[in-house]
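Hi,

Here is the structure I said I would pass on. Have a look at it first, and then read on for what turned up.

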Amino acid sequence: MRHQKFTPRADYRIAESLRAKASGSLSEQFPELKALTVEFAYFSPEGVTRNSKIKYTVNPAFAKSVFRLDCMNPECVAGDFDLSAVIAQAVAARQATATGEMCCQGWLSKTTIDRVHCHNLLRYELSLTYEKSAPAGIPELQAV
Ligand SMILES: [Zn+2]
């Protein structure tokens with residue numbers, strides 16, 4: 001077996017992480033977004049739970065606007081979950097929460113490229129907090 005430094009899987013991950021690094025922060029893209037909490041769990045294509053729920057709070061000042069979660073299939077090629085569009089839609093609509101399910105469009109493994117999809121599921125719940133836009137002309141603090 002020939003030793004390969006790069007595999008389709010590694011190549012894809014490298015390209016995706018460069019894409020994320022090159023993107024601006026969430027704050028740059030959505031100045032009104034104050035805080036973002038992401039709660040998610042992975043499921044097999046049959047809908048069986050693979051892990052307990054993971055919850056974490058993202059600081060929009062540091063998090064990249066290309067917002068990705070890795071697929072939990074260690075053999076997955078060119079898949080993963082990209083929540084960037086979900087976040088953009090939720091912010092545009094000023095939603096306080098956004099829930100949904102995403103199906104991994106990668107390949108099950110490098111031996112099934114172009115044949116068998118990964119199709120692992122991610123179920124997510126986003127909680128979004130926005131900067132309150134203070135009415136113009138009213139001082140923020142009114143000491144009486
Ligand atoms: Zn996958």
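Let me start with helix H3, where Ile87, Ala90 and Val91 are buried (meaning 20 or more other C-beta atoms lie within 10 Å of the residue's own, with 12 or fewer counting as exposed, anything in between as partly exposed, and C-beta atoms placed from the backbone). Looking down the axis of H3, those buried residues fall within an arc of 95°, so they line one face of the helix (the arc is that of the directions from the helix axis to the C-beta atoms). On the face turned away from that buried side, H3 carries the exposed residues Ala85, Gln89 and Ala92.

Before you go further: this is a predicted model, where local features need pLDDT of at least 70, side-chain atom pairs count only at pLDDT 80 or more, and totals for chains, interfaces and linings use all residues. Residues are numbered from 1 along each chain as its sequence is written. Helices (H or I, at least four residues) and strands (E, at least two) are DSSP runs, numbered from the N terminus.

What covers the buried side of H3? The cover of its buried residues includes E1, E5 and E6 (contact means C-beta atoms, placed from the backbone, within 7 Å).

Now the sheet: four strands make an open, antiparallel one in the order E2-E1-E6-E5, where pairing takes at least two DSSP bridges between two strands. E2 (54–58) and E5 (97–103) are the edge strands, each pairing on one side only. Five bridges join E1 (residues 33–43) to E2, and Val38 has Tyr56 in E2 as its bridge partner.

Cheers

Technical notes:
Two residues are in contact if their C-beta atoms, placed from the backbone, lie within 7 Å.
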